[in-house]
Amino acid sequence: MPIDCIPFEDTGYFSNLVCDYLKQEEKLASFYRSFPSDAAFLTHAKERNKQFPKTHRRILVEVLKEQYQNIETSSETQQAIQLLAEDTTVTITTGHQLNLFSGPLYFLYKIISTINLSEKLSENYKDINVVPVFWMATEDHDFEEINHFTLHGKKFKWSPERYSDNADGAVGRFTTEGLEDVLKLLKAELGVGHQAEYLVKLFEDAYLNHNTLAEATRYLTNELFAKFGLVILDADHPKLKQLFVPTVLDELQHQTSYKAVTNTSKQLESANYPVQVSAREINLFYLTETSRERIVNVDGTFGVVDSDKIWNTDQELFEEVSAHPERFSPNVIMRPLYQETILPNICYIGGGGELAYWFELKTYFDKVEVPFPILLLRNSVLLRTDKQYEKQQKLRVSNEELFLKQHELINRKVRQISNINIDFSTQKAHLKDQFEAMYALAEKTDATFLGAVKAQEVKQLKGLDHLEQRLLKAQRLKLKDEVSRLVALQNELFPLKSLQERTINFSEFYLEYGDQLINELKENLDPLSHEFSILTL
């Protein structure tokens with residue numbers, strides 16, 4: 001599998017914030033602790049092992065063993081869980097929503113980045129154990145974001161009408177009822193063959209043989225990655241929530257997250273970076289079997305939005321937090337802190353949007369005295385087939401050009417392959433020189449003519465632009481065969497004019513390449529390359 005790389009900045013798909021982070025711009029330095037490096041990982045690992053409480057390790061291992069008791073676990077994952085009990089073990093963590101059948105391709109890239117970095121650090125530092133962890137976002141409640149996946153350009157959707165009793169609750173608790181309908185459609189689309197049969201069985205075993213979406217997602221992820229020692233965690237558990245009680249109480253009493261994050265967000269805005277998420281005064285939800293709604297404080301009384309639930313006194317609320325911590329769910333602002341509270345983590349691997357909101361949290365972490373992890377941008381990949389690579393070579397399109405907006409790509413290639421010059425830059429420069437002389441003449445004779453001269457210059461430059469575009473359009477028609485092949489290639493590689501990894505499900509490539517897909521990705525992706533990868537299958 002040949003691999004090429006280009007800078008993230010050259011793709012045009014990543015924010016200035018992410019690109020500046022990768023360039024280690026000084027103005028971002030205060031929003032994170034350490035940029036990924038061997039020295040930083042080692043320092044964080046040693047500090048984390050000293051600081052992470054033994055009771056947290058014990059409870060973490062207890063919960064993991066409980067969650068894995070009904071699932072066939074590889075020896076590699078069993079060993080990883082056992083290692084978490086040792087005070088020489090740290091974790092590398094990534095997280096993801098419970099997207100149906102894993103959702104878009106970058107599900108694979110997140111996890112492979114995490115596994116590869118864990119292996120790399122374990123090899124480099126023999127006295128430190130590094131375990132890859134996949135954090136299932138079981139407490140999210142945005143069902144519309146996760147209830148579908150795309151295969152061969154078709155959307156396979158799990159209809160929300162199938163369950164009305166808990167549609168507003170935590171998605172990890174949703175029953176898998178109704179997914180047999182999706183399986184029927186998937187069977188018809190995949191057809192026959194060894195890989196098709198495997199994918200059908202994988203979907204059936206995951207979603208029809210497990211009761212909840214969390215159980216199904218754990219099974220699916222474990223089937224794909226267990227041989228690499230991946231540990232999958234569902235943090236929606238009373239024992240884990242108990243470890244977070246002091247932070248929840250602090251949030252309710254002092255609104256620490258709101259004050260810290262709001263201040264950091266203003267600093268990011270002043271540095272010309274958009275704010276990814278905004279903190280609320282209370283960044284907690286009240287979680288039941290059927291709902292997950294915000295906790296608010298109105299006129300000194302705590303209550304739950306869109307609910308009759310209120311606490312008559314602060315003490316009544318605080319007592320419920322201590323007695324039933326599982327009912328209190330962190331939102332996007334507090335979830336990272338919950339993660340770092342229950343895991344001996346040193347690095348979080350995520351996409352550009354995730355890293356953007358992590359940058360808002362550094363001051364908050366400092367306030368509550370929880371170590372801020374190293375932030376690493378996950379691997380991003382464009383997969384292309386041998387045939388697509390051959391087409392690209394014949395069309396003489398560079399990797400960088402593939403990422404251009406389609407009209408820019410077409411215009412550039414038409415100019416390159418045209419037998420006439422469609423660049424009027426020389427004529428425009430000559431015209432500007434002539435008008436410079438006219439400006440000088442007007443100033444010497446009658447300065448009131450300067451406006452008229454300027455208007456005439458603008459008019460004639462626009463005229464040249466118009467002629468250039470007409471000529472370009474004529475050449476596009478003349479070269480329509482080359483243009484159509486170019487458009488077809490880019491549309492194949494960038495479905496819906498977006499990054500392939502954000503739309504296509506892994507099954508589309510697994511259907512053709514089977515286990516080779518994951519094995520080759522794992523072998524070729526370097527989590528510390530800090531570049532966008534292009535892999536030829």
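In the protein, 75% of the contacts with a separation of 6 or more are between residues 24 or more positions apart. The model described here is predicted. It comprises 537 residues, of which 55% count as buried, and has 25 helices and 15 strands. Along the principal axes, the C-alpha atoms fill a box of roughly 85 × 65 × 50 Å. The exposed surface of the protein amounts to about 24,500 Å², and carbon and sulfur atoms supply 48% of that area. Among the side chains, 60 are positive and 79 are negative; the centres of these two sets lie 6 Å apart.

The largest nonpolar core contains 147 residues, and Leu108 and Phe225 are those with the most contacts inside it. Setting aside residues up to four places away in sequence, Phe225 touches Phe107, Leu108, Ile111, Ile112, Ile115, Leu230 and Ile518. Apart from this core lies another of 16 residues, including Leu121, Ile346, Ile349 and Ile374.

Helix H6 spans residues 106-124 and contains Leu117. Leu117 counts as buried because its relative accessibility is 0%, below the 20% limit for that class. Beyond residues up to four places away in sequence, Leu117 touches Phe41, Ile92, Cys347, Ile349, Leu376, Pro527 and Leu528. Ile349, one of these contacts, is also among the members of the 16-residue core. Leu117 and Trp311 are 194 residues apart in sequence, and their C-alpha atoms are 46 Å apart in space.

An open sheet is formed by 5 strands in the order S10-S9-S8-S7-S11, with antiparallel pairing. Its edge strands are S10 (310-311) and S11 (328-330), each of which pairs on one side only. Within the sheet, strand S8 (residues 292-298) and strand S9 (residues 301-304) are joined in the antiparallel sense over 4 bridges. Val304 in S9 is the bridge partner of Ile295. The loop between S8 and S9 holds Asp299, whose phi is near 55°, a positive value in a residue other than glycine. Asp299 counts as exposed because its relative accessible area is 78%, over the 50% limit.

Strand S7 (residues 284-287) includes Leu284. With a relative accessibility of 1%, Leu284 counts as buried. Not counting residues up to four places away in sequence, Leu284 touches Val248, Glu251, Leu252, Glu293, Arg294, Ile295, Ser329, Pro330 and Met334. Of these contacts, Ile295 is the residue bridged to Val304, and Ser329 and Pro330 fall in the edge strand S11 (328-330). The C-alpha atoms of Leu284 and His44 are separated by 29 Å, the two residues being 240 residues apart along the chain. Asn272 is placed in the loop between helix H13 (256-270) and S7. Phi of Asn272 is near 70°, again a positive value in a residue other than glycine. Asn272 counts as exposed, since its relative accessibility is 68%.

Strands S4 and S5 form a hairpin with 2 residues between the strands; in this hairpin, His152 takes a positive phi near 55°. S4 runs antiparallel to strand S5 (residues 154-157), and 4 bridges join the two. His148 of S4 stands opposite Lys157 in S5. In strand S4 (residues 148-151), Phe149 and Leu151 make up a covered face, whereas His148 and Thr150 make up an uncovered one.

Thr150, on the uncovered face of S4, is among the residues touched by Thr503. Thr503 is located in the loop between helix H23 (480-493) and helix H24 (507-513). The relative accessibility of Thr503 is 16%, so Thr503 counts as buried under the 20% cut-off. Leaving out residues up to four places away in sequence, the contacts of Thr503 are Pro104, Thr150, Pro495, Leu496 and Ser498.

Terms used: Residues are numbered from 1 along each chain as its sequence is written. This is a predicted model: local features need pLDDT of at least 70, side-chain atom pairs count only at pLDDT 80 or more; totals for chains, interfaces and linings use all residues. Side-chain values use heavy atoms; hydrogens and water are left out. A nonpolar core is a set of buried Ala, Val, Leu, Ile, Met, Phe, Trp, Tyr and Cys residues joined through side-chain atoms within 4.5 Å. Buried means under 20% relative accessible area, exposed over 50%, partly exposed in between (1.4 Å probe, protein chains only). Contact means heavy atoms within 4.5 Å. Two strands pair if DSSP finds at least two bridges between them. Accessible areas come from the Shrake-Rupley method with a 1.4 Å probe; for residues, only the protein chains shown count as cover. Lys and Arg count as positive and Asp and Glu as negative; His and the chain ends are not counted. The place of a charge is taken as NZ of Lys, CZ of Arg, CG of Asp or CD of Glu.
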